[in-house]
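Student: I'd like to go through this structure by asking why each label applies. Could you set the values against the cut-offs for me?

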Amino acid sequence: MLIVPTQWLKLERVRVPSANLGIRVLQISDVHVEFTRISARRINRIIKQQQPDYICVTGDFTQKAKHLPKVKCYAEAIGEAGIPVYAVLGNHDYRLAEPERLRLISILEQAGFTVLLNDSVLIDGKFRLVGIDDYGSKKSDIEKALAKVEVEEPVVVITHDPNILLWMKPQFRYLMAGHFHGMQFNVPPLFRFINKGILAASGIIKGLHWYGGCPIYISRGMGQTSPNARLFINCEVTLHEL
């Protein structure tokens, strides 16, 4: 009951026609290479089968420098297909000392990732992808992240901790986040005792929700934090049709 859910990876499909962007984005979240039981080869196979337009990785690669070689393995498996990959960092990544965190970013960039730390990029003239740094680590700067956004420009946001929503104006087409692992141990009262912020306490921990009329999605993630177990909640990667 505790181990099988960590090996059960579901490809979730989410269709949000109101975003009106005509794109397919594969979201990978909460990799946690030190604990995940989902192989890099399996992720690579999903990417090749689904052929998304873009890949977004919403943080938490590792918290220990000794696991950076394993991050390199996953990053190369994700980047190998030649599909544009964009990423943000999560709270566990910020537990690395600064030199190791810079090494993490370098590993990702060498694998073809664009790492967005409170920054944005205009993609194919279609939409602006905004990466807001981790809220829980006090690294998020919404104003800086949105600085390049033009009026009427379609905006898609990627971030790790969805609690940043409480400080944002709902002026985006779509937002993707992770962090909660779908609660990891899917026992409803759990987040009343473990502080994961206002959203988690109110039951907003996974799946598609609406904030001020804007759609947001919170991934259950593909890895775990200690203990390396899940209860009544599987792992996921998510294909967003926007």
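**Asn 163 and its surroundings**

Tutor: Gladly. In this predicted model, the side chain of Asn 163 comes to 3.3 Å from the backbone nitrogen of Leu 199.

Student: What makes the pair of Asn 163 and Leu 199 a polar contact?

Tutor: The cut-off for a pair of N or O atoms is within 3.5 Å, and the distance from the Asn 163 side chain to the Leu 199 backbone nitrogen is 3.3 Å. Asn 163 sits in the loop between strand 8 and strand 9 (174-177). Beyond its neighbours within four places in sequence, Asn 163 is in contact with Tyr 135, Phe 180, Lys 196, Gly 197, Ile 198 and Leu 199.

Student: Why does Asn 163 count as buried?

Tutor: Buried means under 20% relative accessible area. Asn 163 has 3% relative accessibility, so the label buried applies.

**Val 156**

Student: How do you know whether Val 156 is buried or exposed?

Tutor: The same kind of check works here. Val 156 has 2% relative accessibility, so Val 156 counts as buried. This residue belongs to strand 8. Setting aside neighbours within four places in sequence, the contacts of Val 156 are Leu 21, Phe 127, Arg 128, Leu 129, Val 130, Tyr 174 and Met 176.

**Salt bridges**

Student: Why is the pairing of Lys 48 and Glu 80 called a salt bridge?

Tutor: A salt bridge needs a side-chain nitrogen of Lys or Arg within 4 Å of a carboxyl oxygen of Asp or Glu. For Lys 48 and Glu 80, the closest N and O atoms are 3.1 Å apart, and the pair forms a salt bridge. Lys 48 is in helix 2 (residues 40-50) and Glu 80 in the loop between helix 3 and strand 4 (85-88), so this pair ties together parts 32 residues apart in sequence.

Student: What makes Lys 48 partly exposed?

Tutor: Partly exposed lies between the 20% and 50% cut-offs. Lys 48 has a relative accessible area of 41%, so partly exposed is the right term.

Student: What about Arg 128 and Glu 153: how do you know that their side chains meet in a salt bridge?

Tutor: Their N to O distance is 2.8 Å, to be set against the limit of within 4 Å. The two belong to distant parts of the chain, 25 residues apart: Arg 128 is in strand 7 (residues 127-132), and Glu 153 is in the loop between helix 5 (142-145) and strand 8 (155-159). Both Arg 128 and Glu 153 are buried.

Student: Which residues are linked with Lys 10 in a network of salt bridges?

Tutor: Glu 12, Arg 220 and Glu 236 are linked with Lys 10 in that network. The side chains of Lys 10 and Glu 12 meet at 3.7 Å, N to O. Glu 12 is buried, with a relative accessible area of 15%, whereas Lys 10 is partly exposed at 36%. The structure has eight salt bridges.

**Helix 4**

Student: Why can the buried residues of helix 4 be said to line one face?

Tutor: Those buried residues are Arg 101, Leu 104, Ile 105, Ile 107 and Leu 108. Viewed down the axis of helix 4, the buried residues fall within an arc of 155 degrees, so they line one face of the helix. They pack against helix 3 (68-79) and strand 5 (113-115). On the face turned away from the buried side are the exposed residues Pro 99, Leu 102 and Gln 110.

How values were computed
Residues numbered from 1 in each chain as written. Predicted model: local features only at pLDDT ≥ 70, side-chain atom pairs only at ≥ 80, totals over all residues. Heavy atoms only, no water. Buried < 20%, exposed > 50% of the residue type's maximum accessible area, 1.4 Å probe, protein only. Helix = DSSP H or I, 4+ residues; strand = E, 2+ residues; numbered from the N terminus. Arc of directions from axis to C-beta. Contact = heavy atoms within 4.5 Å. Polar contact = N/O pair within 3.5 Å; in protein donor to acceptor, adjacent residues only side chain to side chain.
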